[in-house]
Amino acid sequence: MCHHYRGARRLPDWMVSEFSIRTNLALIESLRGDYYPLSVVPVIRQAEGEPAGDEWEVAGMEWGLLPRWWKPSDKAPKRSTFQRKVFNARCESVHEKPTFRDAFRRRRCLIPADCFFEKGHYFHTEDGEPFCFAGLWESWRAGEGEASEASADGWVLTCTLLTTEPNGAVRGVGHHRMPVLLTSAEAARVWLESDPADRGAFERLFEPFSGRLVVEPAES
């Protein structure tokens with residue numbers, strides 16, 4: 001699982017040139033930092049009310065997906081308990097798991113980052129450019145007394161990032177999964193705009209990252 005990443009200091013150049021990001025760009029800077037599950041993180045999603053693929057916005061969301069149908073139970077009396085189990089989604093089963101499948105069909109997103117952390121090491125691209133994780137987002141209606149840091153109108157916005165098999169660099173530190181990385185506008189559009197029923201459209205995206213990753217040990 002990927003449980004720690006560093007937020008992007010800015011949007012990737014390919015996103016700035018190819019996407020019309022309409023609102024809340026200041027969130028990239030204001031929320032910049034090291035993120036862990038339940039952190040509020042900046043997410044790129046389709047601007048509400050716009051035609052598909054037209055304009056996009058940055059929204060702050062809690063990291064750990066909470067589907068609309070979730071209710072407290074004996075196993076998960078608090079939403080944070082549930083969210084800590086779903087901050088990653090396996091790309092192989094994301095289309096069929098009840099927690100993720102509706103978001104996969106309707107609410108795919110991009111989660112910008114500078115690097116991610118596995119097994120005591122940070123990983124970033126060779127050129128040091130920001131990239132995006134393939135992500136999903138959801139909105140859940142908070143009950144009385146359930147305030148959300150991510151939304152002021154009663155809706156809790158949450159997200160998760162997809163993982164896949166590790167490439168050589170990640171496997172080299174002994175980890176069995178890595179995030180699905182998107183490093184071009186073409187890859188991002190395939191993720192955001194493809195028909196969810198067309199599994200073939202996603203197959204190349206879900207392959208382990210083929211570019212070179214720089215591996216840096218975390219400071220002890």
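Over which ring does the charged end of Arg 189 sit? I looked this up before anything else, and I found the charged end of Arg 189 over the ring of Phe 19, 4.3 Å from its centre. I note here that I am reading a predicted model, and that I number residues from 1 along the chain.

**Entry: helix H6**

I turned to helix H6, which covers residues 185–193, and listed its buried residues as Ala 185, Ala 187, Ala 188, Trp 191 and Leu 192. Looking down the axis of H6, I saw that these buried residues fall within an arc of 160°, so they line one face of the helix. I wrote a general reminder beside this entry: an α-helix has 3.6 residues a turn, so residues three or four places apart point the same way.

**Entry: aromatic pairs**

I then went through the aromatic rings, for which the count comes to 17 aromatic pairs. One of them is formed by Phe 104 and Trp 191, and I recorded this pair as tilted, with 6.1 Å from centre to centre and 45° between the planes. The pair links distant parts of the chain, since Phe 104 belongs to helix H4 (residues 101–106) and Trp 191 to helix H6, 87 residues apart. Both partners, Phe 104 and Trp 191, are buried.

I set a second pair beside this one, that of Phe 202 and Phe 206, which is stacked, with 5.9 Å from centre to centre and 15° between the planes. Phe 202 has a relative accessibility of 0% and counts as buried, and Phe 206 is buried too, with a relative accessible area of 9%. Buried means under 20% relative accessible area, so the 9% of Phe 206 falls within the cut-off.

Phe 104 came up again when I looked for charges over rings: the charged end of Arg 108 sits over the ring of Phe 104, 5.4 Å from its centre.

**Entry: an aromatic cluster**

Which residues form one aromatic cluster with Trp 63? I found that Tyr 5, Tyr 35, Phe 87, Phe 131 and Phe 133 join Trp 63 in this cluster. Trp 63 has its place in strand S5, residues 56–63, and it is buried, with a relative accessible area of 0%. I also checked Trp 63 against Tyr 35, and the two are 28 residues apart in sequence and 8.4 Å apart in space, C-alpha to C-alpha.

**Entry: strand S7 and its partners**

I followed strand S7 (108–118) next, and I noted that eleven of its eleven residues are buried, so it is largely enclosed by the rest of the structure. Strand S1 (residues 5–7) pairs with S7 in the antiparallel sense over three bridges, and within this pairing Arg 6 has Cys 115 of S7 as its bridge partner. S7 also pairs with strand S9 (residues 131–141), again in the antiparallel sense, over six bridges, and here Cys 109 stands opposite Gly 135 in S9.

S7 and S8 pair in the antiparallel sense as well, over three bridges, and the bridge partner of Glu 118 in S8 is His 121. Four of the five residues of S8 are buried, so I wrote down that this strand is largely enclosed by the rest of the structure. Moving on from S8, I found five bridges that join it to strand S13 (residues 213–217), with the two strands running antiparallel, and there His 124 has Val 214 of S13 as its bridge partner.

**Entry: two positive phi values**

What lies in the turn of the hairpin formed by S7 and S8? The hairpin has two residues between its strands, and Lys 119 in the turn has a positive phi of about 50°. I marked this value because most residues other than glycine have a negative phi.

I marked Leu 38 in the same list, as its phi is near 80°, a positive value in a residue other than glycine. Leu 38 is found in the loop between strand S3 (34–35) and strand S4 (40–46), and at 24% relative accessibility it counts as partly exposed.

**Entry: the largest pocket**

Last, I looked at the largest pocket, which has a volume of about 450 Å³. Of the 17 residues that line it, the closest to its centre are Leu 181, Ala 187, Arg 204, Leu 205 and Ser 210. Strand S11 (178–179), strand S12 (181–182) and H6 are the elements that give two or more residues to this lining, and the largest share, three residues, comes from H6.

Technical notes
This is a predicted model: local features need pLDDT of at least 70, side-chain atom pairs count only at pLDDT 80 or more; totals for chains, interfaces and linings use all residues. Side-chain values use heavy atoms; hydrogens and water are left out. Buried means under 20% relative accessible area, exposed over 50%, partly exposed in between (1.4 Å probe, protein chains only). The arc is that of the directions from the helix axis to the C-beta atoms. Two strands pair if DSSP finds at least two bridges between them. Rings of Phe, Tyr and Trp (its six-membered ring) pair if their centres lie within 6.5 Å; planes under 30 degrees apart count as stacked, over 60 as edge-to-face and the rest as tilted. A charge sits over a ring if NZ of Lys or CZ of Arg is within 6 Å of the ring centre and within 35 degrees of the ring normal. On a 1 Å grid over the protein atoms alone, a cavity is a set of points where a 1.4 Å probe fits but cannot get out, and a pocket is an open set with protein on both sides within 12 Å along at least five of seven lines; lining residues have an atom within 4 Å of a point. Grid points are joined across faces, edges and corners, and a volume is the space filled by probe spheres set on the points.
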